[in-house]
Amino acid sequence: MSRFFTSKFSGLVPYTPGEQPRDMQYIKLNTNESPFPPSEKAMAYAREEAERLRLYPDPECKALTEKLAEHFGVLPENVIVNNGSDETLNFAFMAFCDEKRPAYFADITYGFYPVFAQVNRLPYMEIPLKTDFSLDPADYTDKHGFIVIANPNAPTGMALPLTQIERIVAEHPDGVVVVDEAYVDFGAESAVPLTKKYDNLLVVQTYSKSRSMAGARLGFGIGNAELIQDLNTIRFSTNPYNINRMTMAAGVGALEDDAYMKANCAKIMENRAYTVNALEKSGFTVLPSAANFIFARHPQIDGKEMYLTLKENGILVRHFDKPSLCQYNRITIGTREQMETFIATVRKLWEAAR
Ligand code: PMP
C-alpha cells in the first residue's frame with residue numbers, strides 16, 4: 001500500500017478472479033467460460049467495427065439496447081448495457097443500497113457481492129443458506145433493504161423456481177431485488193417477464209457465459225424504466241463510454257445468432273449430464289446444477305488436494321478456501337472431449353478411493 005492510499009479503502013479486500021495461467025496449456029474448467037467460440041456473426045460485426053475505432057462509441061448504446069429490448073420483449077427504456085454484468089451489479093449497489101437499505105444476500109453466493117458493498121461503503125448482511133445449499137425465501141421475509149440473488153446460484157449451480165423469486169420480489173415492494181441471471185440459459189427460469197409486473201425488480205444477465213463473450217465484457221440489466229434511468233445516472237457519472245465499439249457490434253451479432261447460443265447451451269447441458277453421471281458413479285456427491293458448472297465433492301478426497309492434483313495433471317478447476325466450501329470443487333462444463341479427459345483423469349488418480 002502506498003502512503004497515499006486513502007484510509008477509507010485501507011481494509012478493502014478485493015475480489016479474487018479465477019486463475020488465468022500462462023505457464024502451460026490447461027484444460028480450463030475454472031472460470032465458467034464457454035468452450036465454444038463466439039458466433040461467427042458476432043466476430044464479423046466486431047471486425048467490421050474495428051475500422052471505426054478512431055471514434056468514440058455511442059454513449060446511448062442505441063443499436064444494442066434496441067436489439068436486446070426486441071429480443072426480450074421489453075422496451076429500450078427497460079434496458080441498460082454495461083461493461084460485464086459485474087458493472088451492472090456494482091451500479092445497482094451504488095444506486096439502490098444505503099444506510100437505511102442494507103444489502104442482503106446469501107452467505108454462499110457470488111463472491112463479488114460483499115466487495116461491491118465494501119468498495120461503496122455500504123452495510124450488508126449475509127443470510128445463511130440451508131445445509132443442503134438451498135435458499136429459503138422465508139429467510140428474507142423480514143429483510144428490508146436491497147436484496148441480491150444469483151439464480152442459478154454460484155458456486156452451487158442450484159436454481160430457485162420463478163414462484164420463489166416472485167415471492168421475494170412481492171414481499172419487498174420498498175426495496176430493489178436484483179436477480180443475477182449470469183447462468184440462466186443453462187436450465188433455469190428467467191425473471192425477465194416479472195419486470196413488467198414489479199417496479200422493484202432488476203434482472204441482470206451477461207454475454208460472458210452462454211454467448212461465449214467473456215473477453216468482450218458485456219452485461220445488461222432489465223427492469224422498470226425508472227430503475228434503468230437511475231442506473232444510467234450512475235453510468236453517465238462514471239464512464240458513459242463503458243461499451244467499446246467492437247463489443248457493442250459483437251453484442252448485436254450474437255443476438256442475431258440466437259440459435260447458435262441455444263445449440264451451445266444444449267451441448268453444455270448434455271455434457272453436464274454426462275459428467276454428473278460419471279462422477280456419481282465414482283462416488284462423488286454433485287449438487288443439482290442448472291448452470292454451466294457443477295459443484296462436487298468426494299467423501300474420501302480432500303477438496304484442496306483434488307484441486308492441486310488435477311492442476312498438476314493439466315486440469316484447472318476452481319477451489320474455494322471458505323470452510324463451508326473447501327471440500328468441494330467447482331467444475332466448469334466444457335466440450336465432451338474435455339469432460340471425458342476430466343473424468344478419465346479423476347478415475348485414474350482416485351481409483352483407490354472409490
Ligand atoms: N454474476 C455471477 C453469479 C458470476 O458468476 C459472474 C462471473 N464471474 C458474474 C456475475 C460476472 O460476469 P461478467 O462480469 O463477466 O458479466
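## Two pockets and a small sheet

Helix 4 gives the largest share of the lining of the largest pocket, namely five residues. The model described here is predicted.

**The largest pocket**

Helix 4 spans residues 112-119. Helix 3 (85-96), strand 4 (124-127) and helix 9 (303-312) also supply at least two residues each to this lining. In total, 49 residues line the largest pocket. Nearest its centre lie Tyr 15, Thr 16, Pro 17, Tyr 110 and Arg 318. The volume of the pocket is about 1200 Å³.

What kinds of residue make up the lining of the largest pocket? They divide into 23 nonpolar, 13 polar and 13 charged.

Where does the largest pocket lie with respect to domain 1 and domain 2? Domain 1 covers 20-36 + 259-353, and domain 2 covers 40-256. Both domains give residues to the lining, so the pocket lies between them.

**The second largest pocket**

The second largest pocket holds about 270 Å³ of space. It is lined by 16 residues, and Glu 60, Pro 76, Glu 77, Val 79 and Asn 232 are the closest to its centre. Helix 6 (225-238) brings the largest share of this lining, six residues. Helix 2 (62-72) and strand 2 (79-82) supply at least two residues each. By kind, the lining residues are eight nonpolar, three polar and five charged.

The two pockets can be set side by side.

| Pocket | Volume | Lining residues | Largest share of the lining |
|---|---|---|---|
| Largest pocket | about 1200 Å³ | 49 residues | helix 4, five residues |
| Second largest pocket | about 270 Å³ | 16 residues | helix 6, six residues |

**The three-stranded sheet**

Another part of the model is an open sheet. Three strands form it, in the order 9-10-12, with antiparallel pairing. Strand 9 (285-286) and strand 12 (329-332) stand at the edges. Each of these two has a single partner strand, so one side of each is left without a neighbour in the sheet.

How many bridges join strand 9 to strand 10? Two bridges do so, and the strands run antiparallel. Strand 10 takes in residues 293-297. Within strand 10, Ala 296 is the bridge partner of Val 286.

A helix packs on this sheet as well: helix 8, residues 258-281. Helix 8 touches strand 9, strand 10 and strand 12. The direction of helix 8 makes about 5° with that of strand 10.

Terms used. Residues are numbered from 1 along each chain as its sequence is written. This is a predicted model: local features need pLDDT of at least 70, side-chain atom pairs count only at pLDDT 80 or more; totals for chains, interfaces and linings use all residues. Side-chain values use heavy atoms; hydrogens and water are left out. Two strands pair if DSSP finds at least two bridges between them. Helices (H or I, at least four residues) and strands (E, at least two) are DSSP runs, numbered from the N terminus. Contact means heavy atoms within 4.5 Å. Axes are lines fitted to C-alpha atoms, for helices over the stretch in contact, and angles run from 0 to 180 degrees between N-to-C directions. On a 1 Å grid over the protein atoms alone, a cavity is a set of points where a 1.4 Å probe fits but cannot get out, and a pocket is an open set with protein on both sides within 12 Å along at least five of seven lines; lining residues have an atom within 4 Å of a point. Grid points are joined across faces, edges and corners, and a volume is the space filled by probe spheres set on the points. Ala, Val, Leu, Ile, Met, Phe, Trp, Tyr, Cys and Pro count as nonpolar, Asp, Glu, Lys and Arg as charged, and the others, Gly among them, as polar. Domain bounds come from an automatic or database domain assignment.
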